[in-house]
Every structure is written in structure tokens, then in C-alpha cells.
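Biologist: I'd like to go through this fold with you, one label at a time. Can you show me what we're working with?

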Amino acid sequence: MQVAITCRHGSVSDGLRDYITEKSEKLLTYFERVTAIQVTIDQGENQNRVEILVDAEHKHNFVAHAEGDEVKPNFHSALSKMEQQIKKYKEKIQDHRRDLPLNEIAENNIAEAESE
């Protein structure tokens, strides 16, 4: 997995670049299928905009952005939005239809067959 950080209309210090990379890699704890993370910082005259693009396997892409005065708080805001999107997606794809584990269903079916 790779983290790419780009900055428009300005530059990013090495310390901030390392910090963003470290925090972005923690998205893997929520979803293991992340293949690439793109962080774009757009420094304008009055506001900064941070956008995070996450590519996951099976063509699922996630986008989150935040605007404000400072880069670091904007990054944290966008990162928390991204975490929520990934958690919601992971919850959605998990199979919650079964009430009982398969082994218990099999045991119940065997017990019913023997009692008949």
C-alpha cells in the first residue's frame, strides 16, 4: 500500500508529510483491502483544503475532504470522515443474515432428524 501526498499552490514540510503518512496508514486497521491513499492539500489565499482519496480492492473508492485555516485540523477532520465511510462500508459487506453459526444449524437439523 502506498501513500501519495501532493500539495497545490505551496509546499508541505517533511515533518507534516511524515505525520500524514503515519496517520493515513492507520486506515488499514479498519479495512485491510486498501491499495492506495492519495492526500491532496490545496493551499489557497484564505483557506486550505485537504482531500483524501482511498482506493480499495474490487473498485471501491472513498473520498473525504475538509476546508479551513490550518492544514493539520483539516487533515484530522477528513481522516475521521474517511474512517466513518470505511467502517460503514465494512459493516455493510459483512454477512449479518445468519442468526446462528452454521455448526449450530447443522446440529439442530441432526437433532430434529433423529427425533422423527
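Modeller: Here's the rule to start with: two strands pair if DSSP finds at least two bridges between them. In this predicted model, four strands make an open sheet in the order S1-S2-S3-S4, with mixed pairing.

Biologist: What makes strand S1 and S4 edge strands?

Modeller: Each of them, S1 (2-8) and S4, pairs on one side only.

Biologist: How do you know that strand S3 and S4 pair?

Modeller: Pairing takes at least two bridges. Strand S3 (residues 48-56) and S4 share nine bridges, in the antiparallel sense, so they count as paired. Asp55, for one, stands opposite Asn61 in S4.

Biologist: Why is the pair of Phe31 and Tyr89 called edge-to-face?

Modeller: Ring centres must lie within 6.5 Å, and planes over 60 degrees apart count as edge-to-face. Phe31 and Tyr89 have 5.7 Å centre to centre and 80° between the planes, so the name fits. Phe31 sits in the loop between helix H1 (14-25) and strand S2 (34-43), and Tyr89 in helix H2 (residues 71-93), 58 residues apart.

Biologist: And what makes Phe62 and Tyr89 an edge-to-face pair?

Modeller: Their values are 5.5 Å and 70°, so they pass those two cut-offs as well. Phe62 lies in strand S4 (residues 60-68) and Tyr89 in helix H2, so this pair ties together parts 27 residues apart in sequence. Phe31, Phe62 and Tyr89 form one aromatic cluster.

Biologist: How do you know that the charged end of Lys72 sits over the ring of Tyr19?

Modeller: The distance limit is 6 Å from the ring centre, and Lys72 comes in at 4.3 Å.

Terms used:
Residues numbered from 1 in each chain as written. Predicted model: local features only at pLDDT ≥ 70, side-chain atom pairs only at ≥ 80, totals over all residues. Heavy atoms only, no water. Phe/Tyr/Trp six-rings, centres within 6.5 Å; stacked < 30°, edge-to-face > 60°. Helix = DSSP H or I, 4+ residues; strand = E, 2+ residues; numbered from the N terminus. Lys NZ or Arg CZ within 6 Å of the ring centre and 35° of its normal.
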